Amino acid sequence: MSTTADEPWDLARAPSLDTATVLEALDDAIAVLGNNGEQRPGQVEMTGAVAAAIADGTTLLCQAGTGVGKSLAYLIPAALAAAAGNRVVIATATLALQDQLVTKDLPLVADALSERLGRPLRTEVLKGRSNYLCRHRWEEQRSQPQLHISDSAATVTAVEITRRRQLDEINRWAERTRTGDRAELTVEPDRNVWASVSVNSTECVGTDACPQGHRCFAEDARARSARANIVVTNQHLYCIDLFGDGFLFGPHDAVVFDEAHQLEPVITQVAGAELTPAGFTRLAAEARSVGVARSVVDAVADIAPRLTSELEPRRDTLLGAITGDLAIILEAADGRVEQLAAEIRTAGGEGDGKDLDRLRVGRIAAETLTSLRLAADPPHGTVILVDGRVQPRLRLAPLDVGDLLASRLWGERASILTSATLGPHYLKRLGVPADDHTYLAVDSPFDYRSNALLYCARHLPAPTSEVFRALASDELADLVSAAGGRTLALFTSWRALRDTADALEERLSGITVLRQGGGLTNLALLDALSANAATVVCATMSFWQGVDIAGPALSLLAIDRLPFARPNEPLHQARREAAGEDAFMSVDVPHAADLLAQGVGRLIRTMTDRGVVAVLDSRLATARYRSRLLDPLPPMPRTVDRAEAVEFLAAIRDQDPT
């Protein structure tokens, strides 16, 4: 959504970013937008700090507890700065928050502050290229023979029918969309279906070569964002631009990272590289389709099984260097891919209609060569590891992202980082200059002391005990029964999730037990919990963050064990080795504390929410480091008495028996 205007800004009327003006603007917005007309002290403090950081061009890290209203706290200073002629980029960790900011929050702020701003804000959202419909791929897809849903059921599978229906919906939407943004679709299409009508940045052949380049949705979005004063994007795309040529966002005066606790893993991914057997298989298949000589294609395809056999025994391993047979395989791959790239430039015949496909495959080959040569000569501070769930992959990642940010972000523009879990240890992890930043922590306005209870099952054995799972399942069943359902149970592994869900199904009567990975989408699981009080949803790590279940639908949040990283997770292992003897307290505990706080934050989402957080891991009550885990949590009363937790849950259930 864009609210651009053609006439130039009247800077003589531009609002000021002084504290008094900004807080008056906050009052205006609150009166229109919400909080029941009440100021929240934390929101006021954060708003002033964000305005000061933008005005002074400095760095602010702000830990803002749930309910502070941090979006409004940074959008108001951003809007005032934009009205003064500045450019601000807002980078989030999720597409959902991007869309909410652009379609809902920013228009409301602009409307509430219209008299102060003097004219409409120029706002725009910019997403990665694969989020936009590619007109060329779409027309290619439409020109192919299509499946008719009325065909014989004996020859048409349910998957094919679903795919056809999704393509039909995309085709109808594509005829009328002005943005090509898949967020406009009413139903999220299957990943493979969307891939058939979109391209990523590597696959795109460029506007000059593409016959639809003059009508490209992604390029249109870039052009609009270049004219905007506030651009909303995702952290991944912003970091690609930050470590690239800066072409996407151009000069800007300030950047706001919302959900900033995700910034470190995003940078780790963007600044690294990976090589997979599947990548060579795909490159060979694509090259074969554009007429590359069979011998050349087969030579590249042969890399895949050789790489698999070399990486598979090393899965979840930290490599000191690439040596031996692995080095020989990658050296061979470099020569073969380089030859394939040369063949692509001369393959096929004039007028065979595959010029664009050859250009696309050539770009894939070039990206593969870049990763191969990075692996052959990794930069200083690079960690080399093997991981991957389904198929092993060779990854190169920076051990420390602080040095990368020091040369590209800190001091270059105002930088505001905010999250509900952004403890002071992030200053070191992100390499924030010690003498050029402000750190602020503002508390949640929610009444945790009255409305919440933290229960730790201290009597249970250690999670490593053989009897832990059975006893923890019994404990959870008793708590779910007391709550009458209304439960989100979070697990640190899929096996624990499956075993506990099976046990709950046997133990609980009249309560529906749903599980992630059981056929329902994540959104459908949350909808089911909201629709029926007598429900428990068992979920794993993707539900620990970003899940919002407000109201009486959730009164019990259960956590099976403390979320320590796996000891054999290679990147985590490398950071532990770098930390030395203090690794457990400086790496493991902060990591677990961050995730625990994110998980606990799923419970209380509004002023009236009530509930119990039940941690079934006794270490939270007994371990010497327990205070490091408890300190970041909201100020809830704590107990190790199950009867007290059951009584609290029963009172909530009886108050709202629906």
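This report describes a sheet, two cavities and a few buried residues in a predicted model.

## The seven-stranded sheet

Strands of a sheet pair through backbone hydrogen bonds, either parallel or antiparallel. In this model, an open sheet is built from seven strands, and their pairing is parallel. The order across the sheet is β14-β15-β13-β16-β17-β12-β18. The edges are formed by β14 and by β18 (638-639), each of which pairs on one side only.

Several of the pairings can be followed residue by residue. Strand β14 covers residues 512-515 and strand β15 covers residues 535-539, and the two are joined in the parallel sense by four bridges. Within this pair, Val513 has Val536 of β15 as its bridge partner. On the way to the middle of the order, β15 also pairs with β13, again parallel and over four bridges. Here Leu490 is matched with Ala539 in β15. Strand β13 (residues 487-490) in turn runs parallel to strand β16 (residues 556-559), with four bridges between them. Leu488 is found opposite Leu557 of β16.

## Strand β15 and its connection

How is β14 linked with β15, and through which helix? The helix is α22 (residues 522-531), and together β14, α22 and β15 make a β-α-β unit that is right-handed.

Strand β15 is largely enclosed by the rest of the structure, because five of its five residues are buried. The cover is on both faces. Thr535, Val537 and Ala539 are buried on one side, while Val536 and Cys538 are buried on the other. Two of these residues have already appeared as bridge partners: Val536, paired with Val513, and Ala539, paired with Leu490.

## The largest cavity

Rolling a probe the size of a water molecule over the atoms shows where empty space is left. For this model, a search of the whole structure finds two cavities of 30 Å³ or more. The largest cavity holds about 240 Å³ of space. It is lined by 22 residues, and those closest to its centre are Cys134, His136, Val199, Val205 and Cys210. By type, the lining has ten nonpolar, five polar and seven charged residues.

Which helices each supply at least two residues of this lining? They are α6 (135-143) and α16 (355-376). Helix α6 gives the largest share, which is four residues.

## Helix α6 and His136

Five residues of α6 are buried: Arg135, His136, Arg137, Trp138 and Gln141. The elements that cover the buried residues of α6 include α7 (158-174), α8 (191-195), α9 (217-227) and α16. Helix α16 therefore has two roles in this description: it covers buried residues of α6, and it supplies part of the lining of the largest cavity.

His136 belongs to helix α6. Is His136 buried or exposed? Its relative accessibility is 18%, and the limit for buried is under 20%, so His136 counts as buried. Apart from neighbours within four places in sequence, His136 is in contact with Cys210, Pro211, Gln212 and Leu356. One of these, Cys210, is also among the residues closest to the centre of the largest cavity.

## The second largest cavity

The second largest cavity contains about 30 Å³ of space. Its lining is made by Tyr448, Val600, Gly601, Leu603, Ile604, Val613, Pro634 and Met636. Seven of the lining residues are nonpolar and one is polar, with no charged residue.

## Two more buried residues

Leu372 is located in helix α16. With a relative accessible area of 3%, Leu372 is buried. Not counting residues up to four places away in sequence, Leu372 touches Leu275, Phe280, Leu330, Ala333, Asp334 and Val337. Phe257 is 115 residues from Leu372 in sequence, and the two are 32 Å apart in space, C-alpha to C-alpha.

Asp588 sits in helix α24 (residues 583-600). Asp588 is also buried, at a relative accessible area of 7%. Leaving out neighbours within four places in sequence, Asp588 is in contact with Phe564, His572, Arg576 and Ala583.

Definitions and conventions: Residues numbered from 1 in each chain as written. Predicted model: local features only at pLDDT ≥ 70, side-chain atom pairs only at ≥ 80, totals over all residues. Heavy atoms only, no water. Pairing = 2+ DSSP bridges. Right-handed = clockwise from strand over helix to strand, strands pointing away. 1 Å grid on protein atoms, 1.4 Å probe; cavity = no way out; pocket = protein on both sides within 12 Å on 5 of 7 lines; lining within 4 Å. Points joined across faces, edges and corners; volume = space filled by probe spheres on them. Nonpolar A, V, L, I, M, F, W, Y, C, P; charged D, E, K, R; others polar. Buried < 20%, exposed > 50% of the residue type's maximum accessible area, 1.4 Å probe, protein only. Contact = heavy atoms within 4.5 Å.
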